[in-house]
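Q: Please pick one part of this protein and take a close look at it with me. Then walk me on from there to some other parts, and explain each term as you go.

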Amino acid sequence: MKTTHLQVGGMSCASCASRIEIVVNRLDGVNQCQVNFGAEQAAIDYNPEAVSLEVIEQAISDAGYTTKPLGGLGNLEKPGESESDAEEKALIKKVAFSGFVSLFLMIGGLPMMTGLDIHFIPGWLHHPWLQFVLTTPVMFWCGQGCFTGAIKGFKQRNADMNTLTSIGTGVAYVYSVFVTLFPNVLLSQGLSPDVFYESAAMIIALVLVGRWLEHRAKGKMSEAIKKLIGLQAKTARVVRNGKEEDIAIELVKVGDIVIVRPGEKIPVDGEIIEGRSTVDESMVTGESVPVEKQIGDEVIGATINKTGSFKFTAARVGEETVLAQIVQLVRQAQGAKAPIQTLADQVTSWFVPVVIAIAIATFVIWFNWTGNITLAIVTTVGVLIIACPCALGLATPTSVMVGTGLGAEHGILIKGGDSLELAHKIQTIVLDKTGTLTEGKPRVINYITVGGTTNNHELKLLRLVAAVEAKSEHPLAEAIVEYAKSQEVEFPLPEVVEFEAMPGMGVQAKVSDRLIQIGTSIWMEELGIDTSIFKEKQGSWETQAQTKAWIAIDGEIEGLLGIADSLKPASVAAVRALKSMGLQVVMVTGDNQKTAEAIAEQVAIDRVFAQVRPDQKSEIIKSLQQERLKSSQKQAIVAMVGDGINDAPALAQADVGMAIGTGTDVAIAAGDITLISGDLQGIVTAIKLSRATMKNIRQNLFFAFFYNTASIPLAAGVLFPLTNWLLNPIIAGAAMAMSSVSVVTNALRLQRTRL
């Protein structure tokens, strides 16, 4: 199976999305197609051996819509007018024309509608032929989208909002044309030859106003994408043929040497080969503190160089950069559907046929009861117009778009609506220790020697130890060498011979004809070396989660190093916040029990799983899900937070996998939610965001359901004559437009949520 994402154009309402889904899902080889009207995107799972992407795109085209691939930064809008801008301008023209005509017709029809003799309004303003001339372009130019949409739906045996609007306005227009051409037919039946041109024109104008407001709202909802794309540098300064030259960002190739000066944006991803600086990575990671960079460090495109100049080798360009992948991920998340949207989709699918049936029944009942065809048509048109389920279709995707966009601004990348929805139900959070709760980089915390500080004995011994450890690639060895540098040990280090690494034990070598051995107490005991001299320190350091490195010279203990992986600054506060939210917090680690318990005690975690292999972590997740299953009779929602590499099986097993990363490819690819900054506070923020988004979705669904269920009976005249003013189709059109606007406006309130 393969998944592709397409940008879909030509959708006029939420029901268009359902129509495309039906068309594509009918194709052999397509597993699932999900279309988000708000994001104008389609996510399609298909078997490329059974059906090609060209066939899928052709099916969408035959249904009356346009498609184009959805890339990372591949869809950057060129300078000038974009498709969206052109669409909005055309929509504004239609809104202006239909609005002017509708207002003109409404003024002319005031005497008829109010029953008053308004002298300053000349009678010719309400002349049927004048109204016919003015209304016809409104119907067939301004309302073209509604009618073509209805025709598309008819061809696909599907009814939607366009169907309701087209039938409603079409009935009013055709009836009015008949009355204009043959007024005597109605007069002979004792009926008033009233026309409803102003109703048809005003309804189309109101529908277009609603769509224009939706278009503007969708633009606001995609601001996160625009902001991310706007971060990209436009040019890059590269070294080619020994000369510096400024080139367009699109022309940078992998392997190019790029020069960055203070205050400039870093054009693409790469690795520093010369110079050092501090870089503001807040635009990508959410971290406000600039990060120090030196030779060998990675830099991320679109971040800002602060203090120094440096050169780096371009490693990832175009759609391979971290920024491009983030943009792609946010786009996909905004295009994905939350499970709660299934309910709205199901309701929408049967809602329109039911409304049409109610409209027909309304016409029959009113005509049989009153014999007044005019009143029967008015009520029927009102039912068709007011029942448009556009608000229902917008209820979920608008909130998901705003929620995922807001998350991206805070350095939280949410892969889909299902992840966003599940996050608010989390009951248990499982935290990996190394790299999640802790920095993931060991540091020397303690150092003692048998000889004390006499004659700089500590520094002399540390120099010998650093010389041996410099030959090793072990993380603990790197920590010891870094510590030696910080203690101003004399460099260059002495020559080392006969170096040998003992896996799981330590290292040994000869320096100046002296045998230096650095390793575990177990290894020392195997070598017959007495470690009792530091017995007291050994116990106390273990309780502080320190790994001990014993130092022996020529078979005698000379010193002891305490090495620990320190907690991240925000870990304690984050765990406290998670527990205050009513969540069970669990720690899982491959480290030994004592070290694990020491770290857990520092962050106030009560439940610890230690000495766990990566393949065992998923089993622990499964057992935690089953524990709650026994007590509550349903599956517990368990989240796993890890670094996205060795925790991959557990991230997959968890209901919600949260990958801690620093914007790398692996971190972005792993888990359902990626916390780019690596700050555990991001977990709290993600859960708060999920809760706020779901609350917003429920409010939207309530507004939409309540509006439709309450408005249809009123439009049908259930309370007539108490609410006879509601029978005007223009009132129905205004109410329909405002329902969509209220849902979109409520969704946009999420942007002001404090996380």
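**A patch on the surface, and beyond**

A: Let's start with Trp129, Phe178, Leu181, Phe182 and Val185, which form a nonpolar patch on the surface, with about 470 Å² of accessible area together. A patch is made of residues with over 30% relative accessible area and no salt bridge; nonpolar side chains (Val, Leu, Ile, Met, Phe, Trp, Tyr) are joined within 5 Å, and like charges within 9 Å. A salt bridge is a side-chain nitrogen of Lys or Arg within 4 Å of a carboxyl oxygen of Asp or Glu. Accessible areas come from the Shrake-Rupley method with a 1.4 Å probe, and for residues only the protein chains shown count as cover.

Before going on, please note that this is a predicted model, in which local features need pLDDT of at least 70 and side-chain atom pairs count only at pLDDT 80 or more, while totals for chains, interfaces and linings use all residues. Residues are numbered from 1 along each chain as its sequence is written, and side-chain values use heavy atoms, leaving out hydrogens and water.

Within the patch, look at Leu181, which sits in helix H6 (residues 161-181). Helices (H or I, at least four residues) and strands (E, at least two) are DSSP runs, numbered from the N terminus. Leu181 is partly exposed, with a relative accessible area of 46%; buried means under 20%, exposed over 50%, and partly exposed in between (1.4 Å probe, protein chains only).

Trp129 leads us to rings, since ring pairs link Trp129, Phe132, Phe140, Phe147, Tyr173 and Tyr197 into a cluster. Rings of Phe, Tyr and Trp (its six-membered ring) pair if their centres lie within 6.5 Å; planes under 30 degrees apart count as stacked, over 60 as edge-to-face and the rest as tilted. That rule gives 13 aromatic pairs. One of them is the stacked pair of Phe363 and Phe367, 6.0 Å centre to centre with 5° between the planes. Both lie in helix H12 (residues 341-370), four residues apart, about one turn of the helix. Phe363 is partly exposed at 27% relative accessible area, and Phe367 is partly exposed at 35%.

Phe534 and Trp550 form a tilted pair, 6.3 Å centre to centre with 35° between the planes. Phe534 lies in the loop between helix H19 (521-526) and helix H20 (535-543), and Trp550 in strand S20 (residues 547-553), so this pair ties together parts that are 16 residues apart in sequence. Phe534 is buried at 9% relative accessibility, and Trp550 is buried at 0%.

A charged side chain can be buried here too: Lys433 has a relative accessible area of 3%. Lys433 is found in helix H16 (residues 433-437). Not counting residues up to four places away in sequence, Lys433 touches Thr438, Met587, Val588, Thr589, Asp591 and Ile599, where a contact means heavy atoms within 4.5 Å.

Finally, step back to the whole protein chain, which has 27 helices and 26 strands. Of its 755 residues, 52% count as buried. Among contacts between residues at least 6 apart in sequence, 69% join residues at least 24 apart. The accessible surface of the chain comes to about 33,700 Å², of which 56% belongs to carbon and sulfur atoms.
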